[in-house]
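Hi,

Here is the structure I promised to pass on. Have a look at it first, and my notes on what turned up are underneath.

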4 protein chains.
Amino acid sequence: MRTVAMQISARSTGVFAIAATPFRDDGALDLDSARRLTEFYLEKGVSGLTVLGMMGEANKLTAEESLAYLDCVLNVVGGGVPVVVGVSAPGLVALADLAHRAMARGTAGVMVAPTPNLRTDTQIESYFAMVCDTLGPDVPIVLQDFPLALGVQFSIECLARIFNAHSQIVVLKHEDWPGLVKLRTLREMGAQGRIPPLSILVGNGGLFLPQEMAAGADGAMTGYAYPEMLAEVVRGCAAGERDRVEDLFDAHLPLIRLETQPGLGLSVRKNVLFRRGAIASPFVRRPGPVLDAHGLAELDRTLARLARRLDELGHER
Amino acid sequence: MRTVAMQISARSTGVFAIAATPFRDDGALDLDSARRLTEFYLEKGVSGLTVLGMMGEANKLTAEESLAYLDCVLNVVGGGVPVVVGVSAPGLVALADLAHRAMARGTAGVMVAPTPNLRTDTQIESYFAMVCDTLGPDVPIVLQDFPLALGVQFSIECLARIFNAHSQIVVLKHEDWPGLVKLRTLREMGAQGRIPPLSILVGNGGLFLPQEMAAGADGAMTGYAYPEMLAEVVRGCAAGERDRVEDLFDAHLPLIRLETQPGLGLSVRKNVLFRRGAIASPFVRRPGPVLDAHGLAELDRTLARLARRLDELGHER
Amino acid sequence: MRTVAMQISARSTGVFAIAATPFRDDGALDLDSARRLTEFYLEKGVSGLTVLGMMGEANKLTAEESLAYLDCVLNVVGGGVPVVVGVSAPGLVALADLAHRAMARGTAGVMVAPTPNLRTDTQIESYFAMVCDTLGPDVPIVLQDFPLALGVQFSIECLARIFNAHSQIVVLKHEDWPGLVKLRTLREMGAQGRIPPLSILVGNGGLFLPQEMAAGADGAMTGYAYPEMLAEVVRGCAAGERDRVEDLFDAHLPLIRLETQPGLGLSVRKNVLFRRGAIASPFVRRPGPVLDAHGLAELDRTLARLARRLDELGHER
Amino acid sequence: MRTVAMQISARSTGVFAIAATPFRDDGALDLDSARRLTEFYLEKGVSGLTVLGMMGEANKLTAEESLAYLDCVLNVVGGGVPVVVGVSAPGLVALADLAHRAMARGTAGVMVAPTPNLRTDTQIESYFAMVCDTLGPDVPIVLQDFPLALGVQFSIECLARIFNAHSQIVVLKHEDWPGLVKLRTLREMGAQGRIPPLSILVGNGGLFLPQEMAAGADGAMTGYAYPEMLAEVVRGCAAGERDRVEDLFDAHLPLIRLETQPGLGLSVRKNVLFRRGAIASPFVRRPGPVLDAHGLAELDRTLARLARRLDELGHER
């Protein structure tokens, strides 16, 4: 049974894993792996889950599959942590349809990316006004700011106007690149009361996580295949121990770099999750590039180097 | 009962109306108007219908609405003319799901646009190979080539390779701009046996219809609100009477120009259909610009001037 | 000798021809034709000239050629009408260098388009702030708003902030599409004192000239090959005789449609200017598509139909 | 005196530094720093230099400044290593003008990026055919394949056709992302004789340098502020000692990540070069983002961590 406390809010912190969607080798949705993967995320210490995001291959699922997968995850989580569902869609009717079905099932909020055609501040602000109007005020929203993938750029002024206009937008999934100035400026505006309280969770594969935590981020919402590292870096930075955790982070950087490759990165991620036993197959639905034998060999080499480096640093793996 | 003869083929000709999707003033799908609009298209002499295209606001419908609307149209048409259904979607599973449901209901084929991220010839060719593989060989396909709206550019060489590789792609919806050289070159390649037989139906609101018919087009697949004019121009050009019908066409050009405005053109079109009694409301679902009072006044002025000019030319209206 | 009165200002009206840049058949700059073409524009009743614009193939000229061509035009004009020079460039130093050389020679102002990478309102406003700062306050500026060609979209709010911040931007070259709502809104904002006085000259090949004049435009800045028609439509609309001149305009619409084709339109335009005796060759420098034999035959047909229609309307040609 | 041996060729290897262009704090071109920076690159063991590239702020220089800077660099180099000059420009006439002036001064070749509007394979191939035709056969060319910055995507098939058609294109500056499959495939095609011999030098800030060397790259052409590291990694990989040099490379990865940020990365790079004493000011010409105080503090922290890690690894710094 969902409680209001389980909804996302401007106080959301920690690591929300962008959940992969597991398929079998024949391409069918694999709900057994979905259960195992959900348990994996929970064991690794995530504070929440985000399903049906871009890296969850949301747009390669049918409507039925999306709901079946969501139900499976919600069932495993059992209210233990908040679950956010990505609802981005070309049309508002379909967006709201999925959002309302998901909220009725007990999700903690929805994630919305702008449609790719938006250019001017006015167009972007109008779009989020329509989204909020269509969803109604009771649905908490994560706004996704990811120019590299979406082609839509939010100025700081535009974001500020959106946050001031719509109190239900409580989390910013921040993955502009470079984005440290934007993140720090939003924090200053918050301190000055120029924007309402807001949770800022960083994405972009975690590529700048220590820097972003130092600039005031509340955590991460990203799908890097070692969520326990993300969680430790977020905790460490929050506790003032950046030096300690940044060595750990830098040890992972060669792999993070492989995972943040556009398109191909998802195959990297699923292969790591597969090697870690979290899913039964690294299958990626078409269209989408997959690692060839050379790519897999490079990945294995990178994982071996990571293991060696973690040993040097005295970290368990 | 669908018969093979009702499927689209490389011999398809005439005017396929891109059907608008009518809504009530409150935004609900209006199936009464859908019936009336279908009868309107048939009365005006179209050779076929294409539903759930971009100008049919396909991506603003839920999956249930799409099928309800399709069933309504198919029911009115009763096998009288072929009905094509637009199935473009970000993911192949959803695309195939709609296509197979539609074909089972008796549609004559499906229309597929490339996903907006495609750039190189290889990417485009791979995409259509995946589409054909996912749909299976029994689904006739209309390939939509519309760079202005989709951002994807097909070279002639790329199109030729696609047509040679996939015999089920039997119609090209040609709306490149400028596109006369492409159209003529494809015709020459067909005459030389370098590409298989192909129906080329032009879109782009019909803006270059007489020129395109002279360059070898087989007809039009577009939603201009006077389909009877398109039908007469196609017939006239095919009969060698271009001079006669081009005066008629040019009389419509000021209105065509209004209807081909990106975004806003759909509101123009639905307002004309509304004024002609074909639909009960010109409502356009959000997001999408709509004509304001000034825009409606300009439209009425343009329609009055069209009526006067048709009188001068001795045409009924 | 340049006088202040010859500078462009918020009171600029009429038709500014976007001047073509003539080349010989071997591709060399043709200054003889440049003289003849300048005289042609003046004879046809233009109120000003704009050289080195996009349709003047500015970026295909060397720095030396640009200045030689500009000097030639200024010499023929002899201060009779204002001459604007396009100075858009990837870098501000080169932009200012050309602008200052041109102003020293007696041009009436400069035209600046945004660089193609600009997306957010803030980015666009920052860019024009840098442009004004680099040019200094004594250089009157035409701001070019042409999303289809440049990929940059100005919201009304963004334009208003730019005009309020920079009094030296005195002319808007308006070629957004669709753009009538933007034009009318800017006029209303001017009437309410929310933006300073501004000359709005429309571009886009004149495709919506009567509508734009009715919405409050002050004239046109475009290069359609019959500038005398543009001038008559602007005069007629300003005098409240839209009905009369709109028949004339609509007669030209089939040709305007050919000229506004992206890329290819320039070849159409130069071929018409060539047929009218204004330039010695329709040569277009590479890269750039040119009309083939079929395209030329279509153009000749369109010109013959235009002549016949002008006869019907009782217009000289 | 330039000799044929100093021209770039399909056998070019090692590290070509993409040279920064130094300015004084007041924005003026700083030729003293240009001399010092050139000596810095040579001391750090580069095999060549590339000036007037994107990261050399080429499009922010006047034509005079470009040549003054080039002359300064050529004078210091004195024929010791090959110097490539970036000549990309919107128009072919200006491109050829700079290329021919540069070759006359003794440069080793020119670098050409596609213009941003190119989409189809045919458009891209036509463009390079025009470039080669305009330059003449005696100018060796580096083709820049950098989709993230340029928006133009080369398929492998397209590149192969270009290399087969134009023997003067002897170097590929490879910075597609992800790009390992492309690189490896080109090497296989070369081994099979399907493309002529070709030097592949990787860019992209060196972000995947060890992987790219393992995939068959001949070296790097990029401007990372520690060229001695790039040189050692290239040498080490070529000598079969990847394990040894990859530790060194990974130590630099946190800084490389900062330098590869779009836009801002140039300010990072110039600040590192400034801290290393290679230039007198980190000034970046407008438009272009610069590091603020927080960004500089993060940079200093990153440099301190790099120094500590190099100590651990027993590397000099």
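Between them, chain D and chain A bury about 3100 Å², and 51% of that is on carbon and sulfur atoms. Bear in mind that this is a predicted model. The contact brings together 32 residues of chain D and 32 residues of chain A. On the chain D side, the residues that lose the most area to chain A are D:W177, D:R257 and D:R305, which together make up 20% of what that side buries.

There is a good deal of charge to look at here. The interface of chain D and chain A has 14 salt bridges. One to pull up on screen is D:R301 with A:E246, where the side chains meet at 2.8 Å, N to O. Polar contacts across this interface come to 20 residue pairs, both residues at pLDDT 80 or more. As for where the chain D side comes from, helix 7 (180–191), helix 8 (209–214), helix 10 (242–259) and helix 12 (293–313) of chain D each give at least two residues. Helix 10 has the largest share, with ten residues. Sorted by class, the side of chain D that touches chain A holds 15 charged, 13 nonpolar and four polar residues.

Now the other contact, chain D with chain C. About 1500 Å² is buried between these two, 63% of it on carbon and sulfur atoms. D:V93, D:R286 and D:P287 supply 34% of the area that chain D buries against chain C, more than any other three residues. Each chain's part in the contact is 18 residues from chain D and 18 residues from chain C.

Four salt bridges link chain D and chain C. Among them is C:R286 with D:D133, whose closest N and O atoms are 3.2 Å apart. Six residue pairs are in polar contact, both at pLDDT 80 or more. Helix 2 (63–77), helix 3 (92–105) and helix 4 (121–135) of chain D each give two or more residues to the side that touches chain C, and helix 3 has the largest share there, four residues. That side divides into eight charged, six nonpolar and four polar residues.

Last, the cysteines. How many disulfides are there over all chains? The count is zero. Take C:C158: the closest cysteine sulfur, in A:C158, is 12 Å away, so the two are too far apart for a bond. C:C158 is also buried, at a relative accessible area of 0%. B:C72 counts as buried too, because its relative accessibility is 6%, under the 20% cut-off.

Cheers

Methods. Residues are numbered from 1 along each chain as its sequence is written. Chains are lettered from A and ligands numbered from 1 in the order in which they are written. This is a predicted model: local features need pLDDT of at least 70, side-chain atom pairs count only at pLDDT 80 or more; totals for chains, interfaces and linings use all residues. Side-chain values use heavy atoms; hydrogens and water are left out. Contact means heavy atoms within 4.5 Å. Buried area is the accessible area (1.4 Å probe) that two parts lose on being put together, summed over both. A polar contact is a pair of N or O atoms within 3.5 Å; within protein, one must be able to donate a hydrogen and the other to accept it, and residues adjacent in sequence count only if both atoms are side-chain atoms. Ala, Val, Leu, Ile, Met, Phe, Trp, Tyr, Cys and Pro count as nonpolar, Asp, Glu, Lys and Arg as charged, and the others, Gly among them, as polar. A disulfide is a pair of cysteine sulfur atoms within 2.5 Å. Buried means under 20% relative accessible area, exposed over 50%, partly exposed in between (1.4 Å probe, protein chains only).
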